[in-house]
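The following exercises concern a protein assembly and are each accompanied by a worked solution. Please inspect the sequence and the coordinates before reading on.

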Amino acid sequence: MSRQTNRGTESKKMSSELFTLTYGALVTQLCKDYENDEDVNKQLDKMGYNIGVRLIEDFLARSNVGRCHDFRETADVIAKVAFKMYLGITPGITNWSPAGDEFSLILENNPLVDFVELPDNHSSLIYSNLLCGVLRGALEMVQMAVEAKFVQDTLKGDGVTEIRMRFIRRIEDNLPAGEE
Amino acid sequence: MADEALFLLLHNEMVSGVYKSAEHGEVENGRCITKLENMGFRVGQGLIERFTKDTARFKDELDIMKFICKDFWTTVFKKQIDNLRTNHQGIYVLQDNKFRLLTQMSAGKQYLEHASKYLAFTCGLIRGGLSNLGIKSIVTAEVSSMPACKFQVMIQKL
């Protein structure tokens, strides 16, 4: 029995469980602190944003990907490199809008919701809303203003989890007043 | 395969979130630290359950503490506890010379007054883990020079 390799994969699994469990404890605490689900959703988005603006640096340092030339490349990098690196999953990319400025990330299984069930009195809670904030914050740091929102959620009974990403505009670098 | 960086950022965000939303007086009376410690407690309970599903029964208290210092710490913080001391009467001191949650913060005395906020979650983690292994305890932490810190575990005899 090769115990060595068992330990290796076990500890990888365990550290993702650490994140999942910590996230669960966070959402539970937020539900206790804020009375309604909308406030919790907003708080998760804000926290995700703060994480995203820092995570992007870690991501760029580790992954060595160059600048993306268009939104399609961005989508690929998000799904195939970023999600894989941090959450160990590769979401599918579908439902491109005709203008190429909207797409969907399809997560067959969302590691954040392992062991989670939504109780009836929290039906409008977007449990994984942190992810939307992270995506928004990270992309803002690379000059893209985007909107991310959940349109399907396995916690609410849907078959898959779907995040809709919409490109709003490119953020121009603002030069300080007085410079040209 | 959640990366360590992700957990670190989430943890730091949780600490700042708890303090930002703290009501007047909560910071002083330690409610924020309690909140963080309780979150760590829940996570520790869950984690130890998953982790020790298939391990053999522990011989005694010391065996459990060694498990926490070696396997548990390695899983959570990618390294072992550097030093375990005990008085064999229910008090254990776990010393980590390069505590993962503090390495990015400072390398010495700077920001020392804020260190306790970032240790509360981990204290709860240890307490929760021990609790589900049948040990009731009180866990505190002290830092004299970052990133080294000591966790003191006081076993409560029932």
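**Exercise 1. Describe the interface of chain B and chain A by its residues, buried area and polar pairs.**

Step 1. The contact (heavy atoms within 4.5 Å) draws on 26 residues of chain B and 34 residues of chain A. The model is a predicted one, in which local features need pLDDT of at least 70, side-chain atom pairs count only at pLDDT 80 or more, and totals for chains, interfaces and linings use all residues. Residues are numbered from 1 along each chain as its sequence is written, chains are lettered from A and ligands numbered from 1 in the order in which they are written, and side-chain values use heavy atoms, with hydrogens and water left out.

Step 2. About 3000 Å² is buried between chain B and chain A, and 71% of it lies on carbon and sulfur atoms. Buried area here is the accessible area (1.4 Å probe) that two parts lose on being put together, summed over both.

Step 3. Three salt bridges are counted between chain B and chain A, a salt bridge being a side-chain nitrogen of Lys or Arg within 4 Å of a carboxyl oxygen of Asp or Glu. K35(B) and D33(A) form a salt bridge through their side chains, at 3.5 Å from N to O.

Step 4. On the side of chain B that touches chain A, α1 (4-20), α2 (31-51) and α3 (61-77) of chain B each supply at least two residues. Helices (H or I, at least four residues) and strands (E, at least two) are DSSP runs, numbered from the N terminus.

Step 5. That side of chain B comprises 14 nonpolar, four polar and eight charged residues. Ala, Val, Leu, Ile, Met, Phe, Trp, Tyr, Cys and Pro count as nonpolar, Asp, Glu, Lys and Arg as charged, and the others, Gly among them, as polar.

**Exercise 2. Characterise the fold and dimensions of chain B.**

Step 1. Chain B contains four helices and four strands, which follow the pattern α-α-α-β-β-α-β-β along the sequence.

Step 2. The radius of gyration of chain B is 15 Å, close to the 15 Å that the globule rule gives for 158 residues, so chain B is as compact as a globular protein of that length. The radius is taken over C-alpha atoms, and the globule rule is 2.2 Å times the number of residues to the power 0.38.

Step 3. The C-alpha trace of chain B spans about 45 × 35 × 30 Å along its principal axes.

Step 4. Of the 158 residues in chain B, 51% are buried (under 20% relative accessible area, with exposed over 50% and partly exposed in between; 1.4 Å probe, protein chains only).

**Exercise 3. Locate T52(B) and S97(A), and establish the surroundings of each.**

Step 1. T52(B) lies in the loop between α2 and α3 of chain B. T52(B) is buried, its relative accessible area being 15%.

Step 2. The side chain of T52(B) reaches the backbone oxygen of I48(B) at 2.7 Å. Leaving aside residues up to four places away in sequence, T52(B) touches F58(B), F67(B) and L133(B).

Step 3. S97(A) sits in the loop between β1 (92-94) and β2 (102-107) of chain A. S97(A) is buried, with a relative accessible area of 13%.

Step 4. With residues up to four places away in sequence not counted, S97(A) touches E102(A) and R164(A).

Technical notes: A polar contact is a pair of N or O atoms within 3.5 Å; within protein, one must be able to donate a hydrogen and the other to accept it, and residues adjacent in sequence count only if both atoms are side-chain atoms.
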